[in-house]
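Trainee: I would like to go through this structure step by step. Where should we begin?

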Amino acid sequence: MVAGLHLDSAACSRQSFAALDAAARHARHEAEVGGYVAAEAAAPALDAGRAAVAELFGMPGAEVVFTTGSLHALDLLLGSWPPGGRTLACLPGEYGPNLAVMAAHGFARRPLPVDGDGRVAVDEAAVGLATDPPDLVHLTAVASHRGVVQPLAEMTQLCRELRLPLVVDAAQALGHVDCAVGADAAYASSRKWIAGPRGVGVLAVRAELMQRLVPRLPPPDWVSSLPVAARLELGEANIAARVGFSVALGEHMAAGPAAVRDRLAEVGRMTRVALADVRGWRVVEPLDEPSAITTLAAVDGSNPEVVRGRLIRERQIVTTAAGVERAPLELTAPVLRISPHVDATSEDLAMFAGALADVS
């Protein structure tokens, strides 16, 4: 039974019983036979999860590494980037923690050109990238602070033509929009639209790029026979969470990724229609944006953090207040983010619209 109304899938979805049960069964198995023996027995389930990720990213033959989440995946990738230049092109609305990881690894940023919605202007980007090519392009497919879908396929084709490595942040995109574009590397979290456990994510890297990476730990002369992907995945791991994530991926594949994407786009449109006339708020995204994320900008001085707290305490409705730190180079004021999943109904959204008007 759900306690209240969950409109926060872009932060953390509710897991299915199958994913919860799979993780619990693995934890019990660890207690019965030992953690490492149980991990060996879980290898087929984890391999199936890796295969599903490679398919969803359109990267057949890619090597898929489990991580603790999206930020960990980017840290592993940039921390292992091949020697040479350290320039990257990214969106002006890049996720704040991503910017911190980029800076920590010595990458200089240059902004990609965008339109008024924050969507990359592909033709203009083509000129700039060709004239002064960076060492890589990093594209966040759907931002944390705005539900605008980036033109992944077009940017993938452009980067391929210019022979520029493309890295896709799919934290808000995997299981939400079409990510099967065949980037050079892509990463995502489990807990958002795939509805898996917290504390696990994935990094998928094409084999040719993977072989060029230089993992920080352990030193190569210690483990000369260990593959690069295995070195990236070394360390303590919550195998039960990885098993739960793999089961959630299997459920997503069984439901049909295209059908899920279509339904989420429909839910997003329903949300924007329901919220279009709520006094004191402005819907940020275009009505027909193919995304289930809707952000609301306050136009009467309402504080999204305060409103979020009141919605939880008084109405048992969960949303996200997105502060400017999520996109410090672009966002000028906090926004309220609404992100229902496929099971949302028009009645749910009407209830939320009324509650929002009341607590604002």
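Mentor: Begin with one residue, and bear in mind that this is a predicted model. Asp115 has a relative accessible area of 36%. Buried would need under 20% and exposed over 50%, so Asp115 counts as partly exposed.

Trainee: Which residue does Asp115 meet in a salt bridge?

Mentor: The contact is between side chains, with N to O at 4.0 Å. A salt bridge needs a side-chain nitrogen of Lys or Arg within 4 Å of a carboxyl oxygen of Asp or Glu. The partner of Asp115 is Arg119.

Trainee: How many salt bridges are there in the whole structure?

Mentor: A search of the whole structure answers that. Some of the residues are linked in a network, namely Asp47, Arg50, Glu233 and Arg242. The total found is 14.

Trainee: How many residues apart in sequence are the parts that Asp132 and Arg110 tie together?

Mentor: The side chains of Asp132 and Arg110 form a salt bridge of 3.4 Å, N to O. Both residues are partly exposed, Asp132 at 44% and Arg110 at 23%. Asp132 lies in the loop between helix 6 and strand 5, and Arg110 in strand 4, so the parts tied together are 22 residues apart in sequence.

Trainee: What separates Arg263 and Glu266 in helix 11?

Mentor: These two form a salt bridge, with the closest N and O atoms 3.1 Å apart. Arg263 is partly exposed at 22% relative accessibility, and Glu266 is partly exposed at 44%. They are 3 residues apart in helix 11, so the separation is about one helical turn.

Trainee: Now the sheet. Which strands are its edge strands?

Mentor: The open sheet has 7 strands in the order 2-8-7-6-5-3-4, with mixed pairing. An edge strand pairs on one side only, and that holds for strand 2 (63-67) and strand 4 (108-111).

Trainee: What is the average twist from one strand to the next?

Mentor: Strands of a sheet pair through backbone hydrogen bonds, either parallel or antiparallel. In this sheet the pairing is mixed. From one strand to the next, the twist averages 20°.

Trainee: What angle does helix 3 make with strand 2?

Mentor: Helix 3 (residues 43-56) packs on the sheet and touches strand 2 and strand 8. The angle between the directions of helix 3 and strand 2 is about 115°.

Trainee: Do strand 6 and strand 7 run parallel or antiparallel?

Mentor: Strand 6 covers residues 166-169, and 3 bridges join it to strand 7. Within that pairing, Asp169 has Tyr187 as its bridge partner. The two strands run parallel.

Trainee: Which residue of strand 8 stands opposite Tyr187?

Mentor: Strand 7 and strand 8 pair in the antiparallel sense over 5 bridges. Ala188, for example, has Val202 as its bridge partner in strand 8. On the other side, strand 2 is joined to strand 8 by 5 bridges, also antiparallel, and Val65 is partnered with Leu203. The residue opposite Tyr187 is Leu203.

Trainee: Are the residues of strand 8 that point either way buried or exposed?

Mentor: Gly201, Leu203 and Val205 point one way from strand 8, and Val202 and Ala204 the other way. With 5 of the 5 residues under the cut-off, strand 8 is largely enclosed by the rest of the structure. All of these residues are buried.

Notes: Residues numbered from 1 in each chain as written. Predicted model: local features only at pLDDT ≥ 70, side-chain atom pairs only at ≥ 80, totals over all residues. Heavy atoms only, no water. Pairing = 2+ DSSP bridges. Helix = DSSP H or I, 4+ residues; strand = E, 2+ residues; numbered from the N terminus. Axes fitted to C-alpha atoms, helices over the stretch in contact; angles between N-to-C directions. Contact = heavy atoms within 4.5 Å. Buried < 20%, exposed > 50% of the residue type's maximum accessible area, 1.4 Å probe, protein only.
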